[in-house]
Structure formats: C-alpha cells, structure tokens
Amino acid sequence: MRIAKSFLYVLGLPALLVLIWWLSTLGATSFFVPTPGTLASTFGKTWFGDRIFTDVLPSILRLLAGVSAAIILGILAGLLIGSIPWLRALTEPVLEFFRAVPPPVLVPVLMLLMGISDSMKVVVIISGCIWPVLLNTIEGVRAIDGVLSDSAHTYGIGGWARVRYLVLPSAGPQILAGVRQCLSIGLILMVISEMFASSSGLGFTIVQFQRSFAVPEMWSGIVILGLIGVAMSFIFQFTERRILRWYYGLREVENAV
C-alpha cells in the first residue's frame, strides 16, 4: 500500500498534465505543439539509436565530470576558507564578485583560451556549479556550534579527525543544499555550452532540430533533458537520505515531540 501510494504521488501529476495536454491538442493543427502520441513516437525514433552514443552519453559524461569537479573543489575550498576567519574576510569580496558573473558570458572567453573542446565545456559547468557548493560550505563551517567546537578542542580532537567527526557532519546539511542547487545549474550550463560551441551533444542537437524546423524532434530533446534532471534529482535524494541519516532522524524525533 505504501509503495502504491508513493508511485501515485510520483506519477499522478505528470499523468494529469499529459491528459490535459492530450485533451487540449485533440483536433489541433498547430505545427509547433505536437500531440503526446506524435511526441512519444518521435522520441523513440530519434533517441533510441546512434544518438544515445553520439549525443546523449557524451553530454552526460561532461555533466558528471563538471559537477563532480565542482563539488570536490567547492567542498575543499569551502572547508579551508570557512575554517580560517582572516582568509574568509580576505576572499569574501573576490568570491562575491566572481559569483555574480553569469557563467554563460564566459563561454566566448573560454572558447578563445581553451578552444572548442570537451575541456572547455567541462570548465563552463564548473564555473557555474562551484559557487553554491563553495558558499554553502563556508556558511556551514561558520555555523558550527561553538560549544561543540570548544569541546573538540578541549579533548584534543584536531586535524582530519575534527573535519570528519565535527565539521563535515555539522556543515553537511548546508553542503548538500548547495550540491542540490549545483545539479540544476550544471544541467543548464551543459546545454548552453553545447549550443554555443559543439558538433555533438544534446544542446547542439536541439538547436539543429530547431533550425531545421523539426519541431517534434526538438521537443523530444527537451523531454530527454527533463528526464535527465528527474533522474539526477531522485539519485540525489536517495544519496542525501543515506549521508544525512542522523539529521533526518533527529528531525523526525523533534517533530514527534
């Protein structure tokens, strides 16, 4: 019963939206809005073939590389900056400046510096994804309970042991909140980097469909981007629940009181 209820929550609204879409396109002749049946048929013909290997998988690999690098760099730099007050004060204006620069405007600059390559696209993804992870990590480290920090110092807990048993658990909820933001930013930048400078990938293919007026194929590309985003969200939620078991357990106890 519980599993059926979970599936109902997950699939109920999408099914309702598809039903509304189907009803609104009955008898419609619009060239720009395909029917659900047309889109489903086009989706299978377009993506269940060579394009999985030439467009979908390369895009996903670039996305994973960029997001993974941004998470690692953001957490490491955030732990360092957040733990040292003078370093945090020194770097804060610079970080705020670069955070305010929209990553898409860096695409032409990176094209000139790095050329049109996979490395350039990965760097574009990193340039936008690192900021929510970095800033949330810094704030998470700053917000560590002073009593816990003093207790760790009193008991001689320092170095890696302090990071592992105090800093990371305390800052974990905020760090993962930054990771959640970085996933959606990474997907957007993946598409933008491929639209500007690429000969393959989802962004490139969607633009090609749009320019050749292959409207159902264009919509099918948008759908596959949405499916990738949904898959990333479910994987993240599963991982977050495992990493922050203690946090969600504490919240359940507090809500039960």
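Which helices each supply at least two residues of the lining of the largest pocket? They are helix H1 (2-24), helix H2 (36-47) and H10. We will come back to that pocket after a walk through the chain, and one point should be made at the outset: this is a predicted model.

## The overall picture

Welcome to a chain built with 11 helices and zero strands. If you follow the sequence from its start, the pattern reads α-α-α-α-α-α-α-α-α-α-α. The C-alpha trace spans about 75 × 55 × 30 Å along its principal axes. The chain has 257 residues, and buried residues make up 36% of them. Among contacts with a separation of 6 or more, 74% are accounted for by residues 24 or more positions apart.

The unreviewed UniProt entry lists residues 7-24, 60-86, 106-134, 183-206 and 218-236 under "transmembrane region". Two of these spans can be set beside the model. Residues 60-86 are 96% helix and 0% strand, and the C-alpha atoms at the ends of the span lie 39 Å apart. For residues 106-134, the chain is 90% helix and 0% strand, with the end C-alpha atoms 19 Å apart.

## The largest pocket

Now back to the opening topic. The largest pocket holds about 430 Å³ of space. It is lined by 15 residues, and the closest to its centre are Pro14, Val18, Trp21, Val223 and Leu227. H1 gives the largest share of this lining, with seven residues.

## Charged pairs

Side chains of opposite charge can pair when their charged atoms come close. This structure holds six salt bridges. Three of them are set out here, with the distance taken between N and O atoms.

| Salt bridge | N to O distance |
|---|---|
| Arg62 and Glu194 | 2.8 Å |
| Glu139 and Arg142 | 3.3 Å |
| Arg180 and Glu240 | 3.3 Å |

Arg62 forms a salt bridge with Glu194. This pair links distant parts of the chain, as Arg62 is in helix H3 (residues 51-83) and Glu194 is in helix H8, 132 residues apart. Are Arg62 and Glu194 buried or exposed? Both residues are buried. They also belong to a wider arrangement: Arg62, Asp118 and Glu194 are linked in a network of salt bridges.

The bridge between Glu139 and Arg142 is a local one in sequence, for both residues lie in helix H6 (residues 118-142), three residues apart, about one turn of the helix. Glu139 counts as partly exposed because its relative accessibility is 37%, which falls between the cut-offs of 20% and 50%. Arg142 is partly exposed too, with a relative accessible area of 44%.

The side chains of Arg180 and Glu240 also meet in a salt bridge. Arg180 lies in helix H8 and Glu240 in helix H10 (residues 215-243), so this pair ties together parts that are 60 residues apart in sequence. Arg180 counts as partly exposed at 39% relative accessibility, whereas Glu240 is buried, with a relative accessible area of 9%.

## Three residues to look at

Start with Ser193, which sits in helix H8 (residues 159-196). Why does Ser193 count as buried? Its relative accessible area is 1%, and buried means under 20%, so Ser193 falls in the buried class. The Ser193 side chain reaches the backbone oxygen of Met190 at 2.9 Å. With neighbours within four places in sequence left aside, Ser193 is in contact with Lys121 and Val124.

Next comes Phe213, in the loop between helix H9 (202-211) and H10. Although Phe213 is not a glycine, it has a positive phi of about 60°. Is Phe213 buried or exposed? At 59% relative accessibility, Phe213 counts as exposed.

Last is Trp246, found in helix H11 (residues 245-256). Trp246 is partly exposed, with a relative accessible area of 43%. Which residues does Trp246 touch, not counting those up to four places away in sequence? They are Pro169 and Pro173. Trp246 and Pro169 are 77 residues apart along the chain, and their C-alpha atoms are separated by 9.0 Å.

Note on methods. Residues numbered from 1 in each chain as written. Predicted model: local features only at pLDDT ≥ 70, side-chain atom pairs only at ≥ 80, totals over all residues. Heavy atoms only, no water. UniProt positions renumbered as here; feature names shortened; annotations may be inferred. Helix = DSSP H or I, 4+ residues; strand = E, 2+ residues; numbered from the N terminus. Buried < 20%, exposed > 50% of the residue type's maximum accessible area, 1.4 Å probe, protein only. Polar contact = N/O pair within 3.5 Å; in protein donor to acceptor, adjacent residues only side chain to side chain. Contact = heavy atoms within 4.5 Å. Salt bridge = Lys/Arg side-chain N within 4 Å of Asp/Glu carboxyl O. 1 Å grid on protein atoms, 1.4 Å probe; cavity = no way out; pocket = protein on both sides within 12 Å on 5 of 7 lines; lining within 4 Å. Points joined across faces, edges and corners; volume = space filled by probe spheres on them.
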